[in-house]
Amino acid sequence: MNKILFLFLFLFTSSFLFGQNKGVISGTVLEGENNSKSSFCSVIIKEANRAYYTNEQGFFKTEKLAYGKYTVIFQQFGYKTCSSIITINKPEVSLNYRIEAPQYVLDEVLVKDKNDSVAFSRRMKAIEGVMISQGKKNEVIVMDGVVANKATNSGRQIYSRIPGLNIWESDGAGIQLGIGGRGLNPSRTSNFNTRQNGYDISADALGYPESYYTPPSEAIKEIQLIRGAASLQFGTQFGGLLNFVLNKGPKNKKMELTARQSIGSFNLKNTFVSLGGDNKRLNYYAYYQNKSGDDWRPNSGFKVHTAGINIRRHLNEKNSVRIELTKMFYTAQQPGGLTDLQFQMDPSESFRNRNWFEVDWNLAALHFDHEFNSSSKLNSRFFGLHASRKALGFLGQINRIDLLEERDFISGEFRNFGNETRFLHIYSVNDVPWALLLGARYYQGYNLSRQGLSTDGDGPDFYYLNPNNLEGSSYEFPSKNISLFGENIFNINEKFSITPGVRFEYINTRAEGTYRDIILNLAGGVVFDTNYTDLKENKRSFIISGVGMNYKFNDTLELYANFSQNYRSINFTDMQIQNANFKIDPDLQDEKGFNVDLGLRGQIINKLNYDVSVFMLSYGNRIGTTIQVDPKWYTTYQYRTNISSSITKGVEAMIEADLWKFVFTDTSKFSLRPFVNASLIDARYINSEEPAFNNKKVELVPPFNFKTGVTLAYKSFSVSYQYSFTQSHFSDATNSQQQANAVNGIIPAYSIMDLSLKWRFKLFQLETGLNNLTNEMYFTRRATGYPGPGIIPSSARNYYVTIQMTI
């Protein structure tokens, strides 16, 4: 018995002692002079022949290793390969390791100067969270570095470093964003896959991808753009991805309160308040915005309320959840459009005082993140939208007077929900990290669109006179989408990588409802009045694919190329809108095509950042507009149909440098940073069934777009000047020069200058500036319906002043 007891004690003690002769290595990897957390950095234990990877916080932890000395190798794209000798002589050895000076600085460029100013833009890492950007043309706008009129979301200034964008400036309050790239329509940014923190915010991702909601600039941390190659990961939009990354609570601070008060021309008042913080496992951020004003034309008043909250809870080391809620509500009066002659005589005039617009936008999202280990992670995001938009007014052509009769009332209700789940796995082949991304998406949408008559008053009376017998139409648009996608980064060696991808789509869109056709005689009597019932369903499935490539010549030069197929579903919600200026082909077909990019990007001794590329966008079965004549009334209207295919080719370039650092010293507190952003684009229709369109220029494509400017900074003070030029271009596919109703015609060239200033002093920050310095009278848009129809003049010279306090 004693021998058995002695043997048991011997084995237990031996096991305990031997168990103590093993330990783990853990720590955080930092990168760059800013000591930012290095996510997805490979950590190789040479003697154990094991590879590990840091998580998003730059943290890693090995398995138990026997006591002794180990060579730990750190490899990260964009940085030198570094190593360190670590001795394990206790259960856990912790370290913080900073990656040495950049070797490949091309995956991300973000400069922070000695004067405490942040650069305007950066490029994405090869992997951002659970998103792969390797081999794709991408840009990131860093909002802390933007010196601009944030109170009005000044798109001309905020997107000034993004080449090839056509920016509509028909909304002086900045309530809705309208940008289009590479010859695509800017209307409510509908040709971008528009997201907030990675989830959809548009009315309907399939049938109505217009974004009536844009988050306030003060609440945004970054704006991420990936061009046409985004289709494989994010869905079927030719323009690519536009993702607003909102602020989070400041780390290591339990509470931070920021209050901003802005005033400006035309009675602009903007109040923005945010509260955020970080408390161990909990991070939170909430904001509220109240904005009102009159804009510069009569009948242009607006009131906007926007609020949001973001709460993230770390359940444990491997799991976290995040809840987001967003609310936007606004009412705006629409001054209507102008004819060409009216614009020339007085662009500030308004001939419509009974037009109104109202939006109620509600978003919710639930994110779940799980880390299986240091090289594998899962993100699953549930999202939903419950929203409405209401348009009320007289929609007759602008060259006809308003007879003060009953107004048209168009309403839309949107109830959508979905889930997108992504799995990212980083693995090693020949000691070089590769990455696999797999994803699945389910989306279900429901839109209710109605059109009828409302009161003959002049106020925002958003109700129907005959809700049970509408004079226009009532349609339901249910939709369903199932997607599977995958991409893989194959790093052939330290210089060359290939990133292929594929996406499967199943789409089912339906249109079911009734529309009413009423014909009157010349005396105003009813000749014909009947209701039609309509049912359409379109089921289809398809596969799109693409491939991206990167080649790093040296420390300062990278070549990238990409080919990606694209697809865009027809917009059913436009099919039955009754508008005298606008009609839709009932046999409209889907659009298909592809994007090709080839470019060079890099930087010179961390003082000059550049990206120059060529692209081609092939757009098959393109949907556009042509001019038709009503056979009964002999009036002209726009007809939306598949007019032909088109080819868009161009050059995009952006260069930004710090001249002060070039001439003087890196340690100077001064910074003089000029930039040049230019694009040359030729977009033409080809293979048209109608000879009138062949070789005609694609509408809404400025052939030459140029922006330049300079920012001078000293310590916490900065002043920025910007010049913008947009060449004249057409507004319709027939390239018409001018029409009496002003819906079609030339959009003349225009040049705009802006001046902005920012100064930070302890808890306070002052921002002020002048937009449209020379008081240029110009317009960027001819509207077919709301907010027109006709020419929509852009804002005259205006100022803004903002005072901010942070405690």
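**Close-up views of a predicted model**

Aspartate 200 is buried, with a relative accessibility of 7% (buried means under 20% relative accessible area, exposed over 50% and partly exposed in between, with a 1.4 Å probe and protein chains only). The structure is a predicted model, in which local features need pLDDT of at least 70 and side-chain atom pairs count only at pLDDT 80 or more, while totals for chains, interfaces and linings use all residues. Residues are numbered from 1 along each chain as its sequence is written, and side-chain values use heavy atoms, with hydrogens and water left out.

**Arginine 441 and aspartate 200 form a salt bridge.** Their closest N and O atoms are 3.0 Å apart (a salt bridge is a side-chain nitrogen of Lys or Arg within 4 Å of a carboxyl oxygen of Asp or Glu). Because arginine 441 belongs to strand 28 (residues 432–453) and aspartate 200 to strand 17 (residues 199–200), the pair ties together parts that are 241 residues apart in sequence. Strands (E, at least two residues) are DSSP runs, numbered from the N terminus. Arginine 441 is also buried, at 6% relative accessibility.

**Aspartate 590 and arginine 540 meet in a salt bridge.** The N to O distance is 3.3 Å. Aspartate 590 is in the loop between strand 33 (582–584) and strand 34 (591–604), whereas arginine 540 is in strand 31 (residues 526–554), 50 residues apart. Both residues of this pair, aspartate 590 and arginine 540, are buried.

**Glycine 501 lies in strand 30 (residues 496–520).** Glycine 501 is buried, with a relative accessible area of 10%. Its C-alpha is 5.7 Å from that of serine 545, although the two residues are 44 apart in sequence. Beyond its neighbours within four places in sequence, glycine 501 is in contact with residues including Leu232, Glu487 and Gly546 (contact means heavy atoms within 4.5 Å).

**Strands 4, 3, 7 and 8 form an open antiparallel sheet, in the order 4-3-7-8.** Strand 4 (50–53) and strand 8 (82–88) are the edge strands, each pairing on one side only (two strands pair if DSSP finds at least two bridges between them). Strand 7 (residues 68–75) is joined to strand 8 by 7 bridges. In this pair of strands, valine 72 stands opposite serine 84 of strand 8.

**Cysteine 41 and cysteine 82 are in no disulfide.** A disulfide is a pair of cysteine sulfur atoms within 2.5 Å, and by this rule the count is 0 disulfides. The sulfur of cysteine 82 is the nearest cysteine sulfur to that of cysteine 41, 8.6 Å away. Cysteine 41 is buried, with a relative accessible area of 0%, and cysteine 82 is buried at 8% relative accessibility.

Conventions
Helices (H or I, at least four residues) and strands (E, at least two) are DSSP runs, numbered from the N terminus.
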